[in-house]
Every structure is written in structure tokens, then in C-alpha cells.
Amino acid sequence: MSGGLVPRLENLVQLRGACQQLRALSYRNACGARWRPLQGSARSLGPVLLHPQLWPRHTVIGVALSQHRHLATKEETKRKKKKFPLIRGEVEIRQKMTIEELARAMGKDIDHIYEALLYTDIDLNSLEPDSILYEDHIKMIVQKSGMKYKSAKLKEEKERKNTDACPCPCRPPADPAVLTPRPPVVTILGHVDHGKTTLLDSLRKTQVASMEAGGITQHIGAFLVHMPSGEKITFLDTPGHAAFSAMRARGTNVTDIVILVVAAEDGVMQQTIESIQHAKNAGVPLILAINKCDKPEADPERVKKELLAHDVVCEEFGGDVQAVNISALKGENLMVLAEATVALAEMLELKADATGLVEGTVIESRKDRGKGPLTTAIIQRGTLRKGCVLVAGKTWAKVRFMFDENGKAVDAALPGIPVEIMGWKDVPSAGDEILEVESEQRAQEVIDWRTYVEQQEKLKKDMEVIEAKQKEHRMEYKQRQQKLAHLTWRQRKAVLYKASKHLAFQRPTERREVDENTLSVIVKGDVDGSVEAILNILDSYDCEDECKLDIVHFGMGDISENDLSLAEAFNGVIYGFSVKANESIKKLADKKGIKIKLHNIIYKLIDDLKEELNSRLLPTVVETTIGEASVLDTFSVTVGKNKVPVAGCRVQKGLLDRKLKFKLIRGGEVIWKGSLSSLKHHKDDAQVIKAGMDCGLSLDKNLEFSIGDGIICYEEKEVQQTTSWDPGF
């Protein structure tokens, strides 16, 4: 018994000594008193500190507890201090701060900022933690929080030096002594299916038209043709379809001569007129090629007269436009057309400087799986060689290889020669100006500057939109304040708080309402010009009230897994133009239920898109009249304890079918729609009453009839709506 008590007593003594040390430690931190050791009892426990009796008991407990809390939550306190710094003096504010930055500067939670904004003209539905607040609202929030503010010292941003590449106007004009003749750049324009590509095939002795999808050109083709006389002509074959207006405009901007192809049996068409306008805007001379003159219904004279209305006057009418009657399919008079082109080029005295830095224009661009980004370009100055460093738009290239229109590698490209360039870091846009720079470092400086300029322009536009939105909100705020002007400030505050307090407890993501009636599309094309043409068509979409059209992503190249991920995230449809989707991509799309629609003809792609829009529209209910009857007499019958009005009718047209729906017409207005509770012929129940027969009927609603009322029997059918969007072709 005594053997078990000794260890227990020792434990109690050790516990008492530990408690004394903790209490002494608290007193030492609190009052810094002098300490002396205390000798232990029977078993030595080490030196124990004896606390002096200096402070009241409640003070000691408070100090000890505070010390205990500090030790227990030290890391948490550090995190809190880091997230929300303690406020000392005034809050430093800037002219523009995000909600998150302001909350951090004030040492408050983001919800505190939202609550303070309830009494402003700002729309809380549009706010995110990274939304920008401006100075007047920032000051108001700080003041309402009972704090003072001071403006932070702004670092003055130095004006950035323009490091863009220098195009033609900056370079000195070429010395006439170094100018050498160059091939003319001739663009073939005209309406779709008037024989432009067939004409070029006959000149080159190739079969490009037969390889085009649908037999129509859908890209710009740049070709160098060697004439039998030894001259060289660079031809640009442009699409004639309405969707490719931007391509035709781009072709005329880099050309010297335009050959306007008009079919002799069709005459002047819509794209013919547009092509004439492009040539006039570019100030380029015209040569008229009247094609398909071998057909029996051909009428070249009618074509020439129709062109007079568009200021295209042929030489036989006293103008300066050469007209040549040809048959591109049979090769008739093609040499006459070529000689007319060469003669006009000699009159223009086309020369260029083949020395110095290269300048050119991107005609078309695309992505190739093996070669990477490629561009078809026309060189306008200098000589392009391997190793040249080029910039175009917001990308650059160190030329690795160059190819002609037949895919054969070439070592150099002189002015006026079309060439395909390999070595771009990214795909430039068609129509971008190509400039040679001294080094890769210089190219990066140019790209950085252009990116900076684009960002500044975007920021300026965003500011204009924000200011317009703020002005709109201020007007709404003033109108609300005017409605509450008769109330006291406490009453106004209570009304505003009750009206919008539920918004303060919602997350920004919860405030968004997702509109299911939206078609999200991803557009992929083989070349930049095709994507541009499709986007231009989609820009004309003006039926947002029917179904919203959202372009999630667009680009060049075959369908990829990234496209599938985007389509899955946005519940979208992938449209591919002249691109492919391999089997693994198709299987993955089927597994995820994603639609991939591939087309080679642009108007079929747009038709498919319209069908998809139609499928997103809610069906409309159409009423089809089955029969009509007129009320000749009224009476009532007793059913149980109720009197039911009954109409004696005669069927005028069609038939009355009890299973269908009915409506009651009085004075030309519909006063009831529903079903019949009974339909009788004489005293027998009837299912159908045909024209010319009499009947008695009662409604499923207790309505009184009047003699002369009309009874219409009708059937409701759901009919699929069609979009009213007209893309223009």
C-alpha cells in the first residue's frame, strides 16, 4: 500500500513544481521582478522559481491567458497580419484600384467593400474581386468605413520610345540607277463561276479549277507564269464568292493590273460590281476579259454596255479599257489577252529596287503540320534570301526555306515574285506588311512595341466603354435618388439596403445567369483568309433576340484535342473549313457528344450553321382550323344542382371533333379557349359533327352563350422556327 503511494506523491510534487514555474514565467514577463531559486523537497526536482506577491490575481490570470493565446495562435496571427495588415494612420489609395487591392489596403474583407458599394450607383452584378474601382468610389468607401485616406505617390511612367520597324516612307527612295524591271502583279477578279481559275489554268496549262472544292476558288492563289515571248507575269487568283470580299480587296492592294473576267452569257453580276469598286479604290488599271464567248447564248456587246453604267468604258466606246473576247475552256484568244497585259505593263514601266532591306506583303498564311506556319508573300523591294529576319504584324521569322507555287525550293526571291516563306514563329495575318530588320533582337523589339501599342489602344477602348457604363449607372442612381427625395436620410438608407442586401451575400459567379439559348462555335480553317471570310460572315449575325451566337475560338490547322476541350466546356460546335479531324479526334468527340462539322465549300458551312441555329430555337405553336359553327339558340340544362349553359349550333365549315380544342368568338374577339364538356346530336352523344349538321354543346367553363357567337374547332401543331438571319448569299 505504502509502495503505491510514493510514486503518486512524487507525481503530484512534480506537477505542483511545473505549475509554479509556469506562473513564475508569466509574472516574470509581466513585471520583470527579481527571482530566487527554491529548494525542492524529498526528491530533487531542479530549481523551482518562486513568484513574488506583487500583482493582483486577476491581472496575473489575464497576462497568463494572453500569453497562452499568443503561443497557441502564433502562425495564424502571422497569416492574418499578412493578409489584412493593421491600419496605422491613413489608407493609401490610388486613382484606380481593384476591390481586392482596396480591401487589402484597408485591412478589411472583400464583403465589407461589397456592403459599402450597396449605397452607390455601381451595379454589383458586374463586380468581381479584380474589378477596377475609381477614385471617387474609393474615397467614399474609405470614408464610410470611418477611415481617412491619402493619395499614394505615383511613379511617373516614362514615355516609351517607338521601336517599330521603319517601312517605305522612312527609307530613302531608291537610286534610279539601281532600279530594275520587275514582273507585273496581275489580279484576276470577277463574279463566282465566271471562269477566273479556268483562265489561269489555261495560261499555266494546269488543272487548279478541277481540284477546288465545288469548282470555286476559296483562297488567293499566287502564281508566276512564263509567257512564250519570255516575259514573266505574277497572277493572283481571287475567290469570286460573296464571302471573300476581304480577299479581293487585299488582292487589288498589291496589284499593278486587274483583269476583270465577265461571263458573256451572264453579264455584270454582284461581285463584278464589287470588283470594279476595289480596282477603283486601289487606282489600278483594268483589262476586260469577256469569257465563255464560245457559248451560243454569249452576248459580249451586252456586257460592254452594262459596264458603262459602272464607269468602265471600253476602247471602242472612246474609253481606255481594253476588252478581249476569250474562251478560257477552249483556250481561244488567250495570247491576245496576255499580249494586252504585257503591253499595259510596259506602259506602266514597272521597276523596283532589288537591293537593301526586304519589303513585301502577306497574301495568304496557313499552318502546315510538318513545316509549321507558312506565308505566301509578294516581294516589293529588296531580295529575300535564306537567313533574312522578317517582321509582319506581331510575329517574326528567320527565313529557313522558300518555295515557289509548285512547292520547289528556291534560294532567292526578287521583287514581283510570289514565294512561300517558312520559319515564322507564329502565323501572321493576311495583308500584313513584311519588313526586314537587322537581327533577331531587333525583331523582338519591334514585336514588343507593336504589342504595347495594341494593349494601349485596347485599354483606351475599354476605358471608353467603362466611362459610358458609369455614366449610365450615375443617371440611374440620380433617378433613384429623386424618387426617394421626400424621405429622410435614414429612411432612404433603409429602403436602399432592403432592396439590395441579398446581393451582398452572393458570390460574383452566382450572380451570372447562363443563357441556354446560345450557340457557341469554334471555327478552324486551313488558311488565315478563309477564317477571316467566315468571321466576317458571322459578324453580320443580327438575330441575338432569337439565339445568341458566341465565337469561343478561331484559328488555323486541323481539329485538335484543345478544340474538343473548349467545345466541351462551352457546349459548342466545331466548324472546320478545308481541315481534317483524325480518327482518334473523331472517336473522342463521339464519346464526349461533341459535334464536328467539316466543309470544303463556304456557303455549305454557313447553311449548316443556320440549321444548327434553327435547332436551338424554340418551336412555335401553329393553330390549324378544323371546323367552324355558329350559335343559333341558347338554353340550359340541369346537371345535379347546377345549371349548365348549352349552345344549339350548326356546323358551317369542316367538322367539330370533341377530342380537339375549341374557342368562342364574340364580336371578333376570342373570349374563351378550352375543351368541350359535351357534344350531342339530338339527344345522342357524338364524337364528330360534320358540316351542315346541328348539334348541342357545352364548355368546360361555365360561360353564357349569345346568339351569333362563333365556335371554332382547331388543332395545335408545333412548328420548328427558322432564323431570320440573312448572311447575304
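This tour moves from the whole chain to selected residues, naming at each stop what to select and what is found there.

**The whole chain**

Begin with the entire model, which is a predicted one. The chain contains 19 helices and 36 strands. Of its 729 residues, 41% count as buried. Its exposed area is about 41,900 Å², and carbon and sulfur atoms supply 51% of that area. Among the contacts with a separation of 6 or more, 71% are between residues 24 or more positions apart.

**First stop: Asp-256**

Select Asp-256, which sits in the loop between helix H9 (245-253) and strand S11 (257-263). Is this residue buried or exposed? Asp-256 has a relative accessible area of 12% and is therefore buried, since buried means under 20%. Next, add Arg-182 to the selection: the side chains of Asp-256 and Arg-182 are joined by a polar contact of 2.8 Å. Then display the surroundings of Asp-256. Leaving aside residues up to four places away in sequence, Asp-256 touches Arg-182, Pro-183, Pro-184, Val-185, Val-284, Pro-285, Leu-348 and Leu-350.

**Second stop: pairs of opposite charge**

Side chains of opposite charge can pair when their charged atoms come close. How many salt bridges does the structure hold? The structure holds 29 salt bridges, and several of them are visited here.

Select Glu-265 and Lys-295, whose side chains meet in a salt bridge with an N to O distance of 3.5 Å. Glu-265 lies in the loop between S11 and helix H10 (270-282), while Lys-295 lies in the loop between strand S12 (286-291) and helix H11 (300-308), so the pair ties together parts that are 30 residues apart in sequence. Glu-265 counts as buried because its relative accessibility is 18%, whereas Lys-295, at 33%, counts as partly exposed.

Now select Asp-353 and Arg-381. These residues form a salt bridge in which the closest N and O atoms are 3.6 Å apart. Asp-353 belongs to strand S14 (residues 351-353) and Arg-381 to strand S16 (residues 372-381), so that distant parts of the chain, 28 residues apart, are linked by the pair. Which class of accessibility does Asp-353 fall into? Asp-353 counts as buried, at 7% relative accessibility. Arg-381 is buried as well, with a relative accessible area of 12%.

Continue to Arg-366 and Asp-368, where the side chains meet in a salt bridge of 3.5 Å, N to O. Arg-366 counts as partly exposed at 25% relative accessibility, and Asp-368 counts as partly exposed at 26%.

**Third stop: a network of charges**

Select Lys-595, Lys-597, Asp-608, Glu-612 and Arg-616 together. What links these residues? They are linked in a network of salt bridges.

**Last stop: a nonpolar patch**

Finally, display the surface and select Phe-635, Val-637 and Val-639. These residues make a nonpolar surface patch of about 250 Å². Where in the chain is Phe-635 placed? Phe-635 is part of strand S28 (residues 620-639). With a relative accessible area of 44%, Phe-635 is partly exposed. The tour thus ends at the surface patch that includes Phe-635.

How values were computed:
Residues numbered from 1 in each chain as written. Predicted model: local features only at pLDDT ≥ 70, side-chain atom pairs only at ≥ 80, totals over all residues. Heavy atoms only, no water. Helix = DSSP H or I, 4+ residues; strand = E, 2+ residues; numbered from the N terminus. Buried < 20%, exposed > 50% of the residue type's maximum accessible area, 1.4 Å probe, protein only. Polar contact = N/O pair within 3.5 Å; in protein donor to acceptor, adjacent residues only side chain to side chain. Contact = heavy atoms within 4.5 Å. Patch = residues over 30% accessible without salt bridge, like charges linked within 9 Å, V, L, I, M, F, W, Y side chains within 5 Å. Areas by Shrake-Rupley, 256 points an atom, 1.4 Å probe, with all protein chains shown as cover. Salt bridge = Lys/Arg side-chain N within 4 Å of Asp/Glu carboxyl O.
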